[in-house]
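Hi there,

Here is the structure I promised to pass on to you. Have a look at it first, and then read on for what I found in it.

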Amino acid sequence: MIELRHLRYFIAVAEELNFRRAAERIPIDQTPLSRTIRDLEERMGATLFVRAPRKLQLTPAGAKLLKYARTIFIRLERTERIVRETDARYREPLRIGVDDSTAQPKVAECLNRWRRMAPDIPLKLTEMRAAELLAALRNEELDAGISFGVLDDAIAQQPIWTSPIVAVLPLAHELAGRETVSLSELLAFPAIFCDPAYHPGLCRQMEAIFRERSLSPTTAGEARSLTGYLTRVAAGLGVGVADADHMQVLRRTDVVVLPLVEPVYFTTYVLHKPQLPTIRESLQRFLAHATNLRSLRGCGPGACCAAPAP
């Protein structure tokens, strides 16, 4: 049976028309190369070369074999490429969960950069509530998550970026005409907060900020979603705070958004379960990519210290 090495050696000799140069090209010693070509001729039952003292020429049979041998290797190369592409297409995806309260453009930017950096790794994205995200990480149904944080010491939480906290006011509020407002001035009024059962990480960050500044705000209500939160503020039920990135996306016209005097920030984290027997290489690369975004952007003053992760 003719083997691929027979054809590979034959192509080299046929193109070089010189055993020495063909042997250097492969590379192989001339003796086994000559032996392989003679073996090929015997197996095919045809003379492929005219061997003259100072000249080597292809016979008509050799010229025909050269044409088809080249076609064989072109098809083989295409086949290998298709198989590799198919393998990459069906490779186990990197499973990322995103807290459904996180509508920051930075999430899309992070994932878009990742896809450009690792196009060979499929990405499966799932939106879920914070409690579902935590359960999926615990049960290893996700490789990583992006959120404002969860309350579980068994889940590693690394800061990836920060967003300035802004004041959110009803249109007719007495502070709405100001250019900036301090956190203490804002929270002198009853405030809307998020439901800790739905947004534990965000609530923890706010509590840390309140403790740091010795603030004791009055709660006017709690919301399960950001849209519900802003609806309560717009209805005049209380004042509120939000991160600037979310407000930039939502662009609500029924509330007034003011910068805070103080440099106060919400932190977004990448989450994963560190107790895995082996952390997949793709996950290690994604964690390095996500946390590197923090250094690329830089942190605002006090940004990474406002609410330390467990």
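Pro27 sits in the loop between helix H2 (19-25) and helix H3 (30-44). Please keep in mind that this is a predicted model. The peptide bond that joins Ile26 to Pro27 is cis, with omega at about -10°. Most peptide bonds are trans, and most residues other than glycine have a negative phi. That gives you two kinds of exception to look for.

The second kind turns up in Leu17, a residue other than glycine with a positive phi near 50°. You will find Leu17 in the loop between helix H1 (4-16) and H2. Is Leu17 buried or partly exposed? With a relative accessible area of 36%, Leu17 is partly exposed, since buried would require a value under 20%.

Glu140 is another case: its phi is positive, about 60°, although Glu140 is not a glycine. Glu140 belongs to the loop between helix H6 (130-138) and strand E5 (144-147). Its relative accessible area is 37%, so Glu140 is partly exposed.

Next, try turning the model until you can see H1 and H3 together. At what angle do the axes of H1 and H3 cross? They come within 9 Å and cross at roughly 110°, which makes H1 roughly perpendicular to H3. From H1, the residues Arg5, His6, Tyr9, Phe10 and Val13 make the contact, and from H3 they are Leu33, Thr36, Ile37, Asp39, Leu40 and Arg43. Sorted by type, the residues of this contact are six nonpolar, two polar and three charged. The crossing of H1 past H3 is left-handed.

Now for helix H8, which covers residues 200-212 and has 13 residues. From its first C-alpha to its last, H8 reaches 18 Å, close to the 18 Å expected at 1.5 Å a residue. Why can we call H8 largely enclosed by the rest of the structure? Because ten of its 13 residues are buried. Those buried residues are Pro200, Gly201, Leu202, Cys203, Arg204, Gln205, Met206, Ala208, Ile209 and Phe210. The elements that cover them include the helices H6 and H7 (183-186), along with the strands E6 (156-170), E7 (191-194), E9 (240-243) and E11 (265-272). After H8 comes Ser214, whose phi is positive, near 55°.

Helix H9 (residues 226-234) is worth a visit too. Which residues of H9 are buried? They are Gly228, Tyr229, Leu230 and Val233. Among the elements covering them are E6, E7 and E9, as well as strand E8 (219-223), helix H10 (244-250) and strand E10 (255-259). H9 is followed by Gly236, which has a positive phi near 80°.

Strand E6 appears among the covers of H8 and also among those of H9, and I looked at two of its residues. Ile165 lies in E6 and is buried, with a relative accessible area of 4%. Leaving out residues up to four places away in sequence, Ile165 touches Ile209, Val241, Ala242, Asp243, Leu260, Val264, Tyr265 and Phe266. One of these, Ile209, is a buried residue of H8. Sequence and space can tell different stories, so to speak: Ile165 and Asp143 are 22 residues apart along the chain, and their C-alpha atoms are separated by 29 Å.

Val166 is in E6 as well. Its relative accessible area is 8%, so Val166 is buried. With residues up to four places away again left out, Val166 touches Gly240, Val241, Ala242, Asp243, Ala244, Met247, Val257, Leu258, Pro259 and Leu260. From Val166 to Asp195 there are 29 residues along the chain, and the C-alpha atoms are separated by 19 Å.

The last stop is Leu293 in helix H11 (residues 281-297). How much relative accessible area does Leu293 have? The value is 3%, so Leu293 is buried. Setting aside neighbours within four places in sequence, Leu293 is in contact with Cys110, Arg113, Ile160 and Trp161. Leu293 and Leu183 are 110 residues apart in sequence, and 28 Å apart in space from C-alpha to C-alpha.

Enjoy exploring!

Best wishes

Note on methods:
Residues numbered from 1 in each chain as written. Predicted model: local features only at pLDDT ≥ 70, side-chain atom pairs only at ≥ 80, totals over all residues. Heavy atoms only, no water. Helix = DSSP H or I, 4+ residues; strand = E, 2+ residues; numbered from the N terminus. Expected span 1.5 Å × (residues − 1). Buried < 20%, exposed > 50% of the residue type's maximum accessible area, 1.4 Å probe, protein only. Contact = heavy atoms within 4.5 Å. Axes fitted to C-alpha atoms, helices over the stretch in contact; angles between N-to-C directions. Parallel < 35°, antiparallel > 145°, perpendicular 65-115°, else oblique. Left-handed = near helix turned anticlockwise from the far one by under 90°. Nonpolar A, V, L, I, M, F, W, Y, C, P; charged D, E, K, R; others polar.
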